[in-house]
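Trainee: I should like to request a close look at a single part of this structure. Would you please take me through one sheet, strand by strand, and then place that sheet within the chain as a whole?

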Amino acid sequence: MTTATATISSDTTVSTNAALNIRALEKRVQAGSQELAILQGVDIEIKSGESVAIIGASGSGKSTLLGLMAGLDQPSSGEISLLGQRIDQLNEDQRAAVRAKGVSFVFQNFQLLPGLTALENVMLPLEIRGEKNARSQAQELMAQVGLAERETHYPAQLSGGEQQRVAIARAFAGSPEILFADEPTGNLDRNTGHQVEELLFQMNKDKGTTLVLVTHDPELAARCGRQVEMIDGQLHTRGAGQ
């Protein structure tokens, strides 16, 4: 198990070069009269610019861990520092504010807004941040993912691979410090999945973004600099990626 090396104080601000630092993380849920332990004693430090794959069987707790890492849920106990901020001590609005400053997501089911064009989907996070040149930035990202000619198409008019390319462009809008990806190629055929995989890692390299992804795909996991495996709610270190 990888243990965190940074010292976390009782204050909400943490001084560390890690993008993510977790100590003694626990997640328990009530199931009828019983309490189930989803995560138990999870420790991990992920440095800025690192790429880490979380692998494991279905139901092992990996997606739960990803949600806690990103501040989408609260732990039962333990400490989570995201981009230098102790988010386990924050409420939902405060966690959302931390995410807005430097966190992006890529999901298995794309989660594009159907009423917006591809370009407008990419522009959205830029506009939320108040970027004055949101359109030109989004157009550049669309070109980088090879979809300059599809800017005015709506999600329903795009293939699954094209939708995921748009989702990747949107995720990198505003140059996030850390990107969480949950089964980013899970809904794609093998060839399209490989194309999206190449794009994800190339943009990750170009932008210097920390990448944390959940995947069942051993080839995708092997592309990361480090692999960790969830087994019965506990995190175990695997061999380095290629």
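Mentor: In this predicted model, the part to examine is an open sheet of four strands, arranged in the order 2-1-4-5 with antiparallel pairing. The edges are held by strand 2, residues 34–47, and strand 5, residues 85–86. Each of these has a single partner strand, so one side of each is left without a neighbour in the sheet. As a general point, the strands of a sheet pair through backbone hydrogen bonds, in either a parallel or an antiparallel manner.

Let us now follow strand 1, which covers residues 18–31. Towards strand 2, strand 1 pairs in the antiparallel sense over ten bridges. One position in this pairing is Ile22, whose bridge partner in strand 2 is Ile44. Strand 1 and strand 2 also form a hairpin, with two residues between the strands. In that hairpin, Gly32 adopts a positive phi near 65 degrees.

Towards strand 4, residues 77–82, strand 1 again runs antiparallel, and five bridges join the two. Here Asn21 of the sheet stands opposite Ser81 in strand 4. When reading side chains along such elements, it is useful to recall that in a regular strand they alternate between the two faces of the sheet.

The sheet may next be set against the whole chain. The secondary structure amounts to seven helices and ten strands. For 242 residues, a compact globule would have a radius of gyration near 18 Å, and the chain agrees with this because its own value is 18 Å. Along the principal axes, the C-alpha atoms fill a box of roughly 50 × 40 × 40 Å.

Of the 242 residues, 49% are buried. Among contacts with a separation of 6 or more, 66% are made by residues 24 or more positions apart. The accessible surface of the chain is about 11,100 Å², and carbon and sulfur atoms contribute 45% of that area. Finally, the chain carries 21 positive and 29 negative side chains, and the centres of these two sets lie 2 Å apart.

How values were computed:
Residues are numbered from 1 along each chain as its sequence is written. This is a predicted model: local features need pLDDT of at least 70, side-chain atom pairs count only at pLDDT 80 or more; totals for chains, interfaces and linings use all residues. Side-chain values use heavy atoms; hydrogens and water are left out. Two strands pair if DSSP finds at least two bridges between them. The radius of gyration is taken over C-alpha atoms; the globule rule is 2.2 Å times the number of residues to the power 0.38. Buried means under 20% relative accessible area, exposed over 50%, partly exposed in between (1.4 Å probe, protein chains only). Contact means heavy atoms within 4.5 Å. Accessible areas come from the Shrake-Rupley method with a 1.4 Å probe; for residues, only the protein chains shown count as cover. Lys and Arg count as positive and Asp and Glu as negative; His and the chain ends are not counted. The place of a charge is taken as NZ of Lys, CZ of Arg, CG of Asp or CD of Glu.
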